[in-house]
Amino acid sequence: MSDATLPDGWEMVVGLEVHCELSTATKLFCGCANRFGGEPNTQVCPVCLGLPGSLPVLNDAAVTFAMRLGRALHCEVRPSVFARKNYFYPDMPKDYQVSQFDQPTNVEGWLELPDGMRCGIERAHIEEDTGKSTHVGGGGRIHEAGYSLVDYNRAGVPLVEIVGKPDLSTSEQARQYVAELRAIILAIDVSDAKMEEGSMRVDANVSVRHPGEELGTRCEIKNLNSLRSLGRAIDYEARRQIDLIDAGDRVIQQTRHWDEADGRTHTLRSKEEADDYRYFAEPDLVPLDPSAEVVAAIDAAMPPLPADRRAALVQTAGVAGPIAAIAVERDLDGLALAAIGAGASADRVMTHIEHNLSDDAARDLDPERFAALVTMETGGELTATQAKQVLAEMVETGGDPSEIAAARGFEAMDTGAIESLVDEAIAADPAAWEKFVGGDDKVAGAFVGYAMKATKGQADGKAFTALLRERRAATGS
Amino acid sequence: MTATTTTASAIAAAVRSGSRSAREVLEEHLAAIEAREPELHAFNLVTGDAARASADRVDAAVAAGEDPGPLAGVPVALKDNLCTRGVATTCSSRILEGWLPPYDATVVQRLAGAGAVIVGKTNLDEFAMGSSTENSAFGPSRNPHDTSRVPGGSSGGSAVAVAAGFAPLALGSDTGGSIRQPAALCGVVGVKPTYGAVSRYGLIAFASSLDQIGPFANTVEDAALLLEVIAGHDPMDSTSIPRPAPDLRAGLHRGVEGLRVGVVRELTGDGIAPDVAARVTAAADALSAAGAKVTEASVPAAIYGLSAYYLIAPAEASSNLARYDGVRYGMRVDAPNTPDMNLATRTAGFGDEVKRRIMLGTYALSAGYYDAYYGKAQKVRTLIIRDFAAAYADVDVLLSPTSPTTAFAFGAKSDPLTMYLNDVCTIPSNLSGDPAVSVPYGVGDDGLPVGVQIMAPALGEDTMLRVAAALEATR
């Protein structure tokens, strides 16, 4: 397990670079299908294979998707220019990547974490993905491979790289940042953002310093395939750097590879070995200059974003922030607002959402019926336990709460029945009753337990305890 | 008159009317190739059987009452950097040995659609880098007017093919003069169209922002005919100008009465051989006599063109040629790991001039040098564009030599810098993106052809070719 706390007097500075594959029908510069999981090298053509003489033609849909993502991150959309990033790698067909360099499409935005913290976004630029190498034989790792196979299906898939500012100071914040970014991407429907399939890939820049000091030397960590890896790797890396400095050593700027199995980062290459990418404007493409109307149309079509949805729950229904965040994350905020709007208790609605509605099917729940259930519960017709059971069945079948309650024989006990239950409980354990009368409140739990057992959980615990206390007061007087 | 000395326009007219068969025309040209190709080496590959099949298809179409198109039965030679589906396309480089393109360049498709018969792939300086074809990995082509002389380059093979009567038309590519200079040295017409007028899809890139495909022909009218077929918007090339192919022949012979012609001061002085300069003066006089208003014009930044070009073109080339790494196609020299394999392949596969330019370009783009070299060269390019625009405020076309000298002997310019100076007059049009044509206009003291260059503003091919046709008529 990683240790999330740093030694006293140290803090970490984290900035994330997130690559997101856009879910356009076709690739960035050609008509090949943009689809995950095809047979190797079946979704290729002269353009995405970079064959001699081929030329790129920009996919307008990818630009629209990228601008939508930029606007969702509160970026300014600017005139932009594609650039070639030159370096040799076998999975890159042209041995240069078409990306954006000094004039990216989206600049200067921000992303809000569920707790309200704003993290700066430096830029969100468009680029093409590479193919995928599989190293066969040898030790399985890059430097030990016997030979390599390359699948170019992914080559030319449109990507947006979202470069965050180094505003994060814990691994938990980094995880929240990625989770929030993913929620935004899903809300605006520009990618399936699956970390495990690589359609969303995160690199973390980590450095450490004493508070108030200049930024330390950073290392970039790659191969973070889950939120768990991200958190573990950042914590490991910060500790590694602190240990180095404490030992009188210094941090060397490096790219490091996270190994999930051994829980460490390993040197991939140092800055001295890094490529000089020799960026220059891509002469085969023309500059982009989206009109104000185009950007306005993107804004107008923007669906509500997670932060707006959380705010709506907090403001409209007086719901607490963290619970609102859960509701939005599970895409149940619409249900909650509708049920509350139909008169259900916000408190009970949110309790159910937090504890009893984690199943995806809960999104299909009818808000009217959900509200009716909550009203039955608050009106005393159902106990909390009964309500939970009815709700589970509603999620499964979509049925009506009163019908389900009736079918299960859930009827509110009248006061007489509860009083007989109190009598029974006292008679069953006179010694405990003595203690209770003597002021020992802890034994009340034993009486409630008896009542629940006797009624197979159908008793209203609250009403039972109230009567029990009434009886004690009467005894005392 | 034999088929090999008549014009493309005449051949197409005869074939369309049924008075001659495409097959007969082709056989005459194949015979000419067979007779003189061993001596001249215009071609890397002659595709006789495929040419016969397409000639027969043209004849079948005519027999069926269909119109095969404006180039019906006209033999055309293609520079070997234009992709032809299933037919070796080498760029005269060992590194592409064995590669068969799976697609046709847009210009090749358009030629086929116009009824042309492709006879083969012509020799060039490796990856179009050179001015003599001496940089071809498969040996140089020879000038048909004097086989001890170079034909010029890089599209030397295409110029030779037209000059020797192997084909009435050929396509080349022009990045810094690679159509116009060999046209001048071989005594044929060569056109570098406006950047974006002809699709580059399927042209193997040398320097993407400068490369442009254009025609070789024996007459200005034939060049216009071929340009009409290959020009026009292509959605496969993002830099292709979105407008249809222009009608260039309708006004071709309207003369130059009232047109303003400017002789470029900066391109007619130092470094131009006197016999070449004399032919430019003669051309100016002839145009003046034909009714044009001839004046001196100035494009001051043009003198920096060569320096800017030898930063911009190699920079783009260093990136464009990175893909020849042995991984996917062409030559591979095996080695224990991928970077060593890349290195061994490129070391064995590229010739010296290509390596020189890759190194120049890599250096010009490197961190710390970009601003001083590539960045500054781009600023010079902007100045050249500005100076041309200013000159065209006063004149309709500009006149200069095409090449500073007539065809030179093999090995005469083995120093790269001396060789680079061949392109001093042609490079400015590539940097500005404007069109230019070389028209043969007499011979030099050595009896070898001299070409005169006519330049025009972007998309001014109609006026430019009109002046060229008028000049041609005064020969």
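This section describes a sheet and the nonpolar cores of chain B, a further core, and the surroundings of one helix in chain A.

In the predicted model, chain B contains an open sheet of 11 strands with mixed pairing, arranged in the order 1-3-2-4-6-5-10-11-9-7-8. The edges are occupied by strand 1 (43-46) and strand 8 (293-297) of chain B; each has a single partner strand, so one side of each lacks a neighbour in the sheet. On average, neighbouring strands of this sheet are turned by 30° against each other, direction ignored. Strand 7 (residues 260-264) and strand 9 (residues 397-401) of chain B are paired in the parallel sense through three bridges, and Val261(B) is placed opposite Val397(B) of strand 9.

Both of these valines are also in contact with Val467(B), whose contacts beyond four places in sequence further include Val256(B), Leu259(B), Leu287(B) and Ile454(B). Val467(B) is itself among the residues that touch the most other members of the largest nonpolar core, which comprises 163 residues; the others are Val76(B), Val117(B), Leu399(B) and Ile454(B). Helix 9 (residues 305-320) of chain B makes the greatest contribution to this core, with nine residues. Another core, of 63 residues, lies apart from it and includes Met12(A), Val157(A), Val202(A) and Leu288(A).

In chain A, helix 6 (residues 321-329) has as its buried residues Ile323(A), Ala324(A), Ala325(A), Ile326(A), Ala327(A) and Val328(A). These buried residues pack against helix 5 (306-317), helix 7 (333-341) and helix 8 (346-355) of chain A. Just after helix 6, Asp331(A) adopts a positive phi of about 60°.

Conventions:
Residues are numbered from 1 along each chain as its sequence is written. Chains are lettered from A and ligands numbered from 1 in the order in which they are written. This is a predicted model: local features need pLDDT of at least 70, side-chain atom pairs count only at pLDDT 80 or more; totals for chains, interfaces and linings use all residues. Two strands pair if DSSP finds at least two bridges between them. Helices (H or I, at least four residues) and strands (E, at least two) are DSSP runs, numbered from the N terminus. Axes are lines fitted to C-alpha atoms, for helices over the stretch in contact, and angles run from 0 to 180 degrees between N-to-C directions. A nonpolar core is a set of buried Ala, Val, Leu, Ile, Met, Phe, Trp, Tyr and Cys residues joined through C-beta atoms within 7 Å. A residue is buried if 20 or more other C-beta atoms lie within 10 Å of its own, exposed if 12 or fewer, and partly exposed in between; C-beta atoms are placed from the backbone. Two residues are in contact if their C-beta atoms, placed from the backbone, lie within 7 Å.
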